[in-house]
Amino acid sequence: MSYLDDRADLAGRVAVIVGGGGGLGRACAIDLGGAGMRLALCDRDGASLGETAKLVEDAGGEVITGELDARDPDALTAFFGDADARYGPTCDVVINVVGGTFRQPFEESNPRGWDALIRTNFTWLLHSTQLAMARMRPHGGSIINITSIEAHRAAPGFAVYAAMKAAVTSLTRTLAVELAPDKIRVNTIAPDYILTPALNTLTEGLSEEVVALQHRIGTPMGRVGNFEDAGGCALFLASNLSSFVTGSTLHPDGGAIASAGWFNWPDEGFMNNPPQHIIEYLLGR
Ligand SMILES: NC(=O)c1ccc[n+]([C@@H]2O[C@H](COP(=O)([O-])OP(=O)(O)OC[C@H]3O[C@@H](n4cnc5c(N)ncnc54)[C@H](O)[C@@H]3O)[C@@H](O)[C@H]2O)c1
């Protein structure tokens with residue numbers, strides 16, 4: 001065992017990933033499976049679940065899967081039961097991934113839409129967290145909630161989604177304290193733009209050159225995030241390397257939240273307003 005493997009202490013431990021089929025769930029599954037964790041993945045998309053399980057198994061990992069909608073409490077309870085049956089009645093890590101949104105001015109939204117966003121981004125996570133706690137109490141564990149950069153700033157057009165991600169951040173802090181005596185750590189990962197199929201829809205119809213320039217200007221590190229950027233955060237929070245970290249947030253965002261409105265313009269460098277030539281162009285000069 002290498003020095004890092006020894007310090008991380010992940011091999012053989014059990015991780016449940018809710019939303020572990022595609023996107024960031026797959027990113028976490030590949031990295032935790034690669035570190036030797038035994039996995040239980042559930043997702044409503046059976047095809048991507050199967051693909052992720054195969055990726056994990058082909059790399060020598062152990063995995064069970066459950067096709068379900070995380071918003072269905074009975075299905076989620078049954079899935080945690082399946083994980084118990086396979087790996088025993090305790091688990092070490094639970095990653096809550098499921099979430100999503102759509103752009104809509106708040107004025108045009110309605111109670112039905114609010115309810116959908118609240119159920120998709122918050123309610124199921126309460127249930128998953130309770131199921132996780134019960135299985136971690138005997139020995140401790142790590143609960144990792146995937147939130148968003150939008151939990152930490154204004155998000156015009158995404159008001160309820162951002163509010164729910166902020167709610168998860170608040171819940172995380174409170175539970176980190178409530179559960180600290182039980183050695184259960186609770187943290188969030190708050191990504192900005194990480195290339196997943198869900199995020200790809202935001203740039204549909206744009207050329208690669210335009211998208212690259214958008215990220216060159218909008219993200220201080222000048223690129224989009226990739227699976228390893230997200231998976232690395234999950235590995236750290238799952239592992240013993242973060243054994244004294246709870247109630248915290250990791251920001252895999254290339255510096256976006258820190259930049260708070262400063263853009264890296266190709267000629268002018270960092271400015272918190274558009275450069276003069278853009279203004280002149282907008283004024284038609
Ligand atoms: N990708 C990013 O850049 C980014 C940025 C900020 C926040 N996030 C957050 O990260 C999480 C994952 O985002 P993603 O880009 O991977 O999206 P995604 O839509 O690919 O979701 C990941 C997985 O969750 C599954 N899923 C969605 N709803 C489900 C449900 N109700 N029940 C069971 N499974 C369900 C999907 O099938 C998918 O396999 C979300 O909470 C999202 O808000 C992502």
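Which helices each supply at least two residues of the shell around the ligand? I started there, and I kept in mind that I'm working with a predicted model.

**Ligand shell**

I found that α2 (23–34) and α7 (197–200) each put at least two residues into that shell. I then pulled up everything around the ligand and got 26 residues. The closest ones I noted down are Gly19, Gly22, Gly23, Gly99 and Ser148. Next I sorted the shell by class, which gave me 11 nonpolar, 10 polar and five charged residues.

**α2 against α3**

Since α2 had turned up at the ligand, I looked at how α2 packs on helix α3, residues 46–58. Their axes come within 9 Å and cross at roughly 20°. Angles under 35 degrees count as roughly parallel, so I logged α2 and α3 as roughly parallel to each other. I also checked the hand of this crossing, and it is right-handed. On the α2 side, the contact is made by Arg26, Ala29, Ile30 and Gly33. Thr52, Leu55 and Val56 do the job on the α3 side. By class, I have four nonpolar residues, two polar and one charged in the contact of α2 with α3.

**α5 against α6**

How do the axes of α5 and α6 cross, and at what angle? I took α5 as residues 111–136 and α6 as residues 159–179, and found that their axes come within 9 Å and cross at roughly 15°. That makes this pair roughly parallel too, because the cut-off is under 35 degrees. The crossing in which α5 passes α6 is right-handed. From α5, I listed Trp114, Leu117, Ile118, Asn121, Phe122, Leu125, Thr129 and Met133 as contact residues. From α6, my list reads Val160, Tyr161, Met164, Lys165, Ala167, Val168, Leu175 and Leu179. The class tally for the contact of α5 with α6 is 13 nonpolar, two polar and one charged.

**Whole chain**

Last, I zoomed out. I count 11 helices and nine strands in the secondary structure of the chain. I boxed the C-alpha atoms along the principal axes, and they fill roughly 70 × 50 × 40 Å. What radius of gyration does the chain have, against that of a compact globule with 285 residues? The globule would be near 19 Å and the chain has 20 Å, so I wrote down that the chain agrees with a compact globule.

Conventions. Residues numbered from 1 in each chain as written. Predicted model: local features only at pLDDT ≥ 70, side-chain atom pairs only at ≥ 80, totals over all residues. Axes fitted to C-alpha atoms, helices over the stretch in contact; angles between N-to-C directions. Helix = DSSP H or I, 4+ residues; strand = E, 2+ residues; numbered from the N terminus. Parallel < 35°, antiparallel > 145°, perpendicular 65-115°, else oblique. Left-handed = near helix turned anticlockwise from the far one by under 90°. Contact = placed C-beta atoms within 7 Å. Nonpolar A, V, L, I, M, F, W, Y, C, P; charged D, E, K, R; others polar. Near = placed C-beta within 6 Å. Rg over C-alpha atoms; globule rule 2.2 N^0.38 Å.
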